[in-house]
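Got the model open? Let's walk through it with a few quick questions, one spot at a time.

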Amino acid sequence: MTERYHITVNDQYVIEADPGKPVFDTLQNAGYTMRFSCRNGVCQICKVTLLQGSIKQRYPELELQLGEGDNPAQIFACTAVPCSDIRVRIDGLLRPGELRVKKLVCDIAAVEQLSHDVYRVRLHLPVTGRHAIEFHAGQYLEMLLPDQRRAAFSIGSAPDFSSDIELHIRRMPEGELSVAIMDHLQNNPSVEIELPKGECYLEASSLKPDTTIILAAASTGFAQIKSIAEHLLANQVKNPIHIYWGARVEADFYLEKLPLQWAHEHTNVHVHLVVSEPGNSPGWGGRTALLPAAVVADFDNFDNAQIFTSGSPAMVYALLDACEEKGLKEVQIHSDVFAYAPRQ
């Protein structure tokens, strides 16, 4: 029986090695992506650093064994076969499902005012970029101004559709960066972006048929939820989809007809518009509550639920705490907030 070895990559990921196969084959079969070309050790593009363990390399021919504390050595993933458990460092390795981040200059196709302070911006990818750029539903991009200031915005369009990218941007007069971004978008033909980014995303193909999907957004966080919802509908997902959109006042629902249209056209889609300050919304006859309270009020438990949420850290953590009281596990809720504003 062939002995099974393990490959530890970048001290983060442990993969069981395919017996007798080069490192590259094991990584590729496990869904990882790295740079390569010739597959026979000549081009040297798949060079990696061996930190510990023993390998036998077919070309250039080499047998090497490193113990803890030995100097690292360069090997080639396409021809080096593990002869023990090994530790390696691989620059630029992409995990399963992870996409390569790229910079592009996009044409500013349209800037449309949706409410008193929210604008829908459409960016048109260059011809080469349409084929080179991929993103998952729910990811975001960073916009780079000429002075190199950056701002992150959720991608509001689904990856299943056109070459245009949609953003929902709130112009805040008191925010210097916010004003600068809108001034650039309204007065220039193009803008530089970097994408895709973010770990809060959903792939329709990964869903189990009994999973209930809860999409909860506050304010312009609706852009991220819109991308996920449209991706699910484009892939004809039949799972129950509950969309919660919270705003302080009714006027802040800048695209409220769109989710209501989804619910009208798809029996598995349920939309909940929630206003938290009804006293400032004359004539509002819909639901009034804080967004976390509205979500937990509708579910006895969160068995088989997955929550994707976008909003302020305060709202996201309030939703997490409220749902955990009804049995939700932290692995069932997904938000970029957990990455950029972790609890101390």
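Q: How far apart are the end C-alpha atoms of helix α4 (residues 222-234), and what span should its 13 residues have?
A: Keep in mind that this is a predicted model. At 1.5 Å a residue, the 13 residues of α4 should span 18 Å. The distance between its end C-alpha atoms agrees with that, coming out at 18 Å.

Q: How many of the 13 residues of α4 are buried?
A: Look at which ones are covered: the buried set runs F222, A223, Q224, I225, K226, S227, I228, A229, E230, H231, L232 and L233. Charged names such as K226 and E230 are on that list too. That leaves α4 mostly covered, with a buried count of 12.

Q: Which residue with a positive phi follows α4?
A: Step past the end of the helix and check the backbone angle there. Phi is near 55° at this residue, and its name is Q236.

Q: Which helix gives the most to the largest nonpolar core?
A: That core has 31 residues, and those with the most contacts inside it are I213, L215, L232, I243, W245 and W262. Five elements each supply at least two residues: β14 (212-218), α4, β15, α5 and β16. With six residues, the one that gives the most is α4.

Q: Which residues of α4 does I243 touch?
A: Leaving aside neighbours within four places in sequence, I243 is in contact with L215, I225, A229, W262, V269, H270, V271 and H272. Now check that list against the buried residues of α4. The names found on both are I225 and A229.

Q: How many residues are in the second, separate core?
A: This one includes Y13, V48, C78 and V88. One of its members, C78, is also touched by F24. The core's residue count is 26.

Q: What kind of aromatic pair do F222 and Y254 make?
A: The model has 10 aromatic pairs. In the pair of F222 and Y254, the ring centres are 6.3 Å apart and the planes stand at 80°, an angle over the 60 degrees needed, so the pair is edge-to-face.

Q: How many residues apart in sequence are the parts that F222 and Y254 tie together?
A: Both residues are buried. F222 lies in helix α4, while Y254 is in the loop between β15 (241-247) and α5 (257-265), so the pair ties together parts whose separation in sequence is 32 residues.

Q: Is the pair of F253 and W284 stacked, edge-to-face or tilted?
A: F253 counts as buried, because its relative accessibility is 4%. F253 sits in the loop between β15 and α5, and W284 in the loop between β16 (269-275) and β17 (287-288), 31 residues apart. The ring centres are 5.9 Å apart with the planes at 40°, so the pair is tilted.

Q: Which strands stand at the edges of the open sheet of six strands?
A: The order is β11-β10-β13-β8-β9-β12, with antiparallel pairing. An edge strand has a single partner, so one side of it is left without a neighbour in the sheet; here that goes for β11 (150-154) and β12 (164-170).

Q: Which residue of β13 is the bridge partner of Y140?
A: Strand β10 (residues 140-144) pairs with strand β13 (residues 190-197) in the antiparallel sense, over four bridges. β13 also holds P196, and the peptide bond from L195 to P196 is cis, with omega near 0°. The partner of Y140 is K197.

Q: At about what angle to β8 does helix α3 (residues 176-187) run?
A: Helix α3 lies across β8 (102-113), β9 (118-124), β10, β11, β12 and β13. α4 packs on the sheet as well, touching β11 and β12, and its direction makes about 150° with that of β12. For α3 against β8, the angle is about 85°.

Q: Is T309 buried or exposed?
A: T309 is found in strand β18 (residues 305-310). It touches A216, Q224, M315, V316, L319, I333, H334 and S335, not counting residues up to four places away in sequence. Its relative accessibility is 0%, under the 20% cut-off, so T309 is buried.

Technical notes. Residues are numbered from 1 along each chain as its sequence is written. This is a predicted model: local features need pLDDT of at least 70, side-chain atom pairs count only at pLDDT 80 or more; totals for chains, interfaces and linings use all residues. Side-chain values use heavy atoms; hydrogens and water are left out. Buried means under 20% relative accessible area, exposed over 50%, partly exposed in between (1.4 Å probe, protein chains only). Contact means heavy atoms within 4.5 Å. The expected span of a helix is 1.5 Å times one less than its number of residues. Rings of Phe, Tyr and Trp (its six-membered ring) pair if their centres lie within 6.5 Å; planes under 30 degrees apart count as stacked, over 60 as edge-to-face and the rest as tilted. Two strands pair if DSSP finds at least two bridges between them. Axes are lines fitted to C-alpha atoms, for helices over the stretch in contact, and angles run from 0 to 180 degrees between N-to-C directions. A nonpolar core is a set of buried Ala, Val, Leu, Ile, Met, Phe, Trp, Tyr and Cys residues joined through side-chain atoms within 4.5 Å.
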